[in-house]
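The exercises below concern how helices pack against each other and where pockets open in a protein model. Please work through each task with the sequence and the structure at hand before reading its solution.

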Amino acid sequence: MSDLTQTPFDVRAEFPITEQYAFLNHASVSPIPLTTQTAITEFARDAAEEGPANYVGWLHSMALTRQAAGQVVGCAPEDICFVKSTNHGALIAANSINWREGDNVVGLQHEFPANMVPWHNLRERGVEFRTVPERGDYTYSIDAIAAQMDSRTRLLAVSWVEYSTGVRNDIAALAQLCRDRGVIFFIDGIQGLGVMPLNAEALGADFVTADGHKWMLAPEGCGVLYVRRERLAEMNLSMTGWCGLRNPQAYDDYLQPVKDTAARFEEGSHNLLAITALGASLRLLLAASLEKVHGSVEELVTRTMDGVRRLGYTVATPADPAQRAGIVSFTREGMDVEAVARGLMADHKISIAGRRGFLRVSPHFYNNEEEIDRLLEALPR
Ligand SMILES: Cc1ncc(COP(=O)(O)O)c(C=O)c1O
């Protein structure tokens, strides 16, 4: 990819996965770059040889990750809360809002369960969860979303990018809709963060949550939650804990105030190993530049879409680049997509996924055209 020639590191060398596989499955669980492997082993060596002697250094590493996360999400570092999963971020939002019986949440029909289960479970508190049907072209209509809202709608929960079809929702338009109606705007960002730049603050999102294990190229089980600063005052403290207190080391002061940042929801001991790893991955993406990462992914996605169309597949992902990100989903009548994905791995060392009846291809910026062509060659005709 020509526009990555200025990248201040050898892109392909950072991804030893390329030596064995055509890994085109970043919408699932991604490989980590070498720099992150090094950060993990260095942390592990330190912990083994020194115990917690260098704890101050570990905390510094967390601060650096928070800074990098702020740059990726588009907010101040203080608006980032580390979470253990996308779903954990949704739970913090769902459980910290002071619901009133009869309130409702609006969501979308075919979302990943991490962005469904927390809202469904609010029924125990008398909160209704309404979903907007997907259209025939797999997109969601803003008008249909607006039509589901009424005076009791408190929150809209959508994915930035839909996991099964690759449809990118118009989060700017949805943010405006929420602003106009006084509705809290929650985004599951995991299929977009790390592929495209975001400015959560300027956008007007209230919550953006994502684990690190997909496009952010970090290990599973550690991610970020953005919380808009102005929302903190209206949220309850049921998801906070001792580490969320202003001075956690004042061990006897149980009733002290909580932090005035999103870190109030980091309830107990941090996963400093995983946070350090996440920081290494995010800095790599920032060094490459998210604009360039997106440009590279977009080229590979276009090549994939054109290729599978030529092979006669029906493509679910929109042709308009503004309505997609890094996922291309396609199918053919009667195809067992899981079996095809398994066969590609077993016979060709090509990693893609089968989801909801679609073959799902999700290249990242370090993939190249040859890998896409290998896939196109190997797909059933
Ligand atoms: C849209 C979306 N949200 C969330 C997740 C994963 O959630 P978690 O980080 O809670 O495991 C996925 C994983 O496939 C996803 O595609």
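**Exercise 1.** How close do the axes of helix α1 (residues 34-50) and helix α8 (residues 272-288) come, and at roughly what angle do they cross? Work out from the angle how the two helices run relative to each other.

*Solution.* Keep in mind throughout that this is a predicted model. To begin with, the axes of α1 and α8 come within 8 Å, and the crossing angle is roughly 155 degrees. Angles over 145 degrees count as roughly antiparallel, and α1 and α8 are therefore roughly antiparallel to each other. As to handedness, the crossing in which α1 passes α8 is right-handed. The contact draws on Thr35, Thr36, Ala39, Ile40 and Phe43 from α1, while α8 supplies Leu272, Leu273, Thr276, Ala277, Ala280, Ser281 and Leu284. Sorted by class, the residues of this contact between α1 and α8 comprise eight nonpolar and four polar ones, with no charged residue.

**Exercise 2.** Determine how helix α9 (residues 290-310) is oriented with respect to helix α11 (residues 369-378), and describe the contact that they make.

*Solution.* The axes of α9 and α11 come within 10 Å and cross at roughly 20 degrees. Since angles under 35 degrees count as roughly parallel, α9 and α11 are therefore roughly parallel to each other. The handedness of the crossing of α9 and α11 is right-handed. On the α9 side, the contact is made by Glu299, Leu300, Arg303, Thr304, Gly307 and Val308, and on the α11 side by Glu369, Ile372, Asp373, Leu375 and Leu376. By class, the contact of α9 with α11 holds five nonpolar, two polar and four charged residues.

**Exercise 3.** Which residues lie nearest the centre of the largest pocket, and which helix gives the most to its lining?

*Solution.* The largest pocket has a volume of about 440 Å³, and its lining is made up of 19 residues, with Leu59, Met62, Arg66, Lys259 and His270 nearest the centre. Helix α2 (residues 55-73) gives the most to this lining, contributing five residues. Classified by side chain, the lining of the largest pocket has 11 nonpolar, four polar and four charged residues.

**Exercise 4.** Describe the volume and the lining of the second largest pocket.

*Solution.* The second largest pocket holds about 230 Å³ of space. Its lining consists of 19 residues, and those nearest the centre are Thr86, Phe112, Ile190, His213 and Lys214. In terms of class, the lining of the second largest pocket divides into seven nonpolar, seven polar and five charged residues.

Notes. Residues are numbered from 1 along each chain as its sequence is written. This is a predicted model: local features need pLDDT of at least 70, side-chain atom pairs count only at pLDDT 80 or more; totals for chains, interfaces and linings use all residues. Side-chain values use heavy atoms; hydrogens and water are left out. On a 1 Å grid over the protein atoms alone, a cavity is a set of points where a 1.4 Å probe fits but cannot get out, and a pocket is an open set with protein on both sides within 12 Å along at least five of seven lines; lining residues have an atom within 4 Å of a point. Grid points are joined across faces, edges and corners, and a volume is the space filled by probe spheres set on the points. Helices (H or I, at least four residues) and strands (E, at least two) are DSSP runs, numbered from the N terminus. Ala, Val, Leu, Ile, Met, Phe, Trp, Tyr, Cys and Pro count as nonpolar, Asp, Glu, Lys and Arg as charged, and the others, Gly among them, as polar. Axes are lines fitted to C-alpha atoms, for helices over the stretch in contact, and angles run from 0 to 180 degrees between N-to-C directions. Angles under 35 degrees count as roughly parallel, over 145 as roughly antiparallel, 65 to 115 as roughly perpendicular and the rest as oblique. A crossing is left-handed if the near helix is turned anticlockwise from the far one by less than a right angle, and right-handed if clockwise. Contact means heavy atoms within 4.5 Å.
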